[in-house]
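Trainee: I should be grateful for a close look at the salt bridges of this protein, together with the parts of the chain that surround them. Please explain each step as you would to a first-year student.

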Amino acid sequence: MTTTTADPLRATPARRLGARLLGPALPYLLHLRPMEWPILAGHTLIGWLLATGLAWPDGRAWLGLALWVIALNGGTLAINSAFDRDEGDVAYLRSPPPVPRGLAGFAMALMLLGLALAWPLPSTFRLLYIAALVLSIAYSVPPLRFKRIGGVDWVINMLGFGTFTPWAGWALTGRPLDLEHGLILWAFCPLFAALYPLTQLYQMDEDRARGDRTLVLRLGPDRSLAMAIILTLVAFVMLAAAAWVGGWPDAAGLRLALLALPLVGWLAVLVPWWRHCESWSSAMHQRGMYQALVAWALTDAGVLLAWTL
């Protein structure tokens, strides 16, 4: 094995360039998992775009987006890495570098700096930031470390990523949340409840070795995937309810088709995975997770187009 392959900081051309430019700061950046930033930014922006009817974000919105995606979410993932100390691949970070000294303190400082910068932003955004910050600490940091408890870890993530994230984008407009759009944002709660166990299936061995009793370890792959299918259907029923509340008198057929397309994408990923999960390797489970992320992106796009036609 070559040095380039063995050293996580030299595993790719981008990392080799980063090592030259950033030196010892590179591991801190990698543990913020910038590969996730575009996904989270898109999910946050959907709230803003739904509230404004596809208006281009203003300066306040771009600031809030950066604080939510980089400071809060990046800090959350880094503090999780600081206590997990994973050696194998984790979500959005292949071949993670060894945890650098002081990563937990760096992550906490970044999240608190984000809170300070968010203080002049609308009060609902600020409250959502505080709530997500508290959940992040409770999820990863001992003695609570709720990620060890299957079910509690699930609830924290379905709230934080699923609903708080697009709600934060909406809150940046200062506009009150109505029932129709509230149903849309809350539909992402069961949808992320479906996605979350998919991020754990390929990490079962490492979680078991640490003594963490994650949701997937408690349920097993078969029941975890069956639950994911059911919750995906629940999410799309909620989206259909939001459409009903909104009336949708114009172009209803096209709008429903825009919602049906991502649902088909989810089922195309989940149903074969559920049927064959017991024979799948960790690498196959990991590939399934990234396919589910594509279905998630299709859902964001479908919802946005369906409600802004």
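Mentor: The account below begins with the salt bridges and then turns to the helices and one loop residue.

The model is a predicted one. Side chains of opposite charge can pair when their charged atoms come close. In this model the count comes to three salt bridges.

Consider R145 and D84, whose side chains meet in a salt bridge with an N to O distance of 2.6 Å. This pair links distant parts of the chain, for R145 lies in the loop between α7 (123-140) and α8, whereas D84 belongs to helix α5 (residues 59-84), and the two are 61 residues apart. R145 is buried, and D84 is buried as well.

D84 also forms a salt bridge with K147, and here the closest N and O atoms are 2.5 Å apart. Again distant parts of the chain are linked: K147 is in the loop between α7 and α8, D84 is in helix α5, and 63 residues separate them. Like D84, K147 is buried. Taken together, D84, R145 and K147 are linked in a network of salt bridges.

The remaining pair to examine is D178 with R175, whose side chains meet in a salt bridge at 3.5 Å, N to O. Buried means a relative accessible area under 20%, and exposed means over 50%. D178 has a relative accessible area of 27% and is therefore partly exposed. R175, with a relative accessible area of 34%, is therefore partly exposed too.

Let us now follow helix α5, the helix that holds D84, to its contact with another helix. Helix α4 (residues 37-52) packs with α5 at an angle of about 135 degrees, and their axes are 10 Å apart. Because of this angle, α4 is oblique to α5. The crossing of α4 with α5 is right-handed. On the α4 side, the contact involves W37, L40, A41, T44, L45 and W48, which meet A61, L65, W68, V69, I70, N73 and G74 of α5. By type, the residues of this contact comprise 10 nonpolar, three polar and no charged.

The loop that holds R145 and K147 lies between α7 and α8, and α8 has a helix partner of its own. Helix α8 (residues 152-171) packs with helix α9 (residues 179-195) at an angle of about 150 degrees, with axes 8 Å apart. An angle over 145 degrees counts as roughly antiparallel, and α8 and α9 are therefore roughly antiparallel to each other. Their crossing is right-handed. In the contact, α8 contributes W154, N157, M158, L159, F161, G162, T163, P166, W167 and W170, while α9 contributes H181, L185, W186, F188, C189, F192 and A193. These residues divide into 13 nonpolar, four polar and no charged.

Finally, the loop between α5 and α6 (103-118) contains P100. The relative accessible area of P100 is 12%, so P100 is buried. Apart from neighbours within four places in sequence, P100 is in contact with P27, Y28 and H31. P34 is 66 residues from P100 along the chain, and their C-alpha atoms are separated by 17 Å.

Definitions and conventions
Residues numbered from 1 in each chain as written. Predicted model: local features only at pLDDT ≥ 70, side-chain atom pairs only at ≥ 80, totals over all residues. Heavy atoms only, no water. Axes fitted to C-alpha atoms, helices over the stretch in contact; angles between N-to-C directions. Helix = DSSP H or I, 4+ residues; strand = E, 2+ residues; numbered from the N terminus. Parallel < 35°, antiparallel > 145°, perpendicular 65-115°, else oblique. Left-handed = near helix turned anticlockwise from the far one by under 90°. Contact = heavy atoms within 4.5 Å. Nonpolar A, V, L, I, M, F, W, Y, C, P; charged D, E, K, R; others polar. Salt bridge = Lys/Arg side-chain N within 4 Å of Asp/Glu carboxyl O. Buried < 20%, exposed > 50% of the residue type's maximum accessible area, 1.4 Å probe, protein only.
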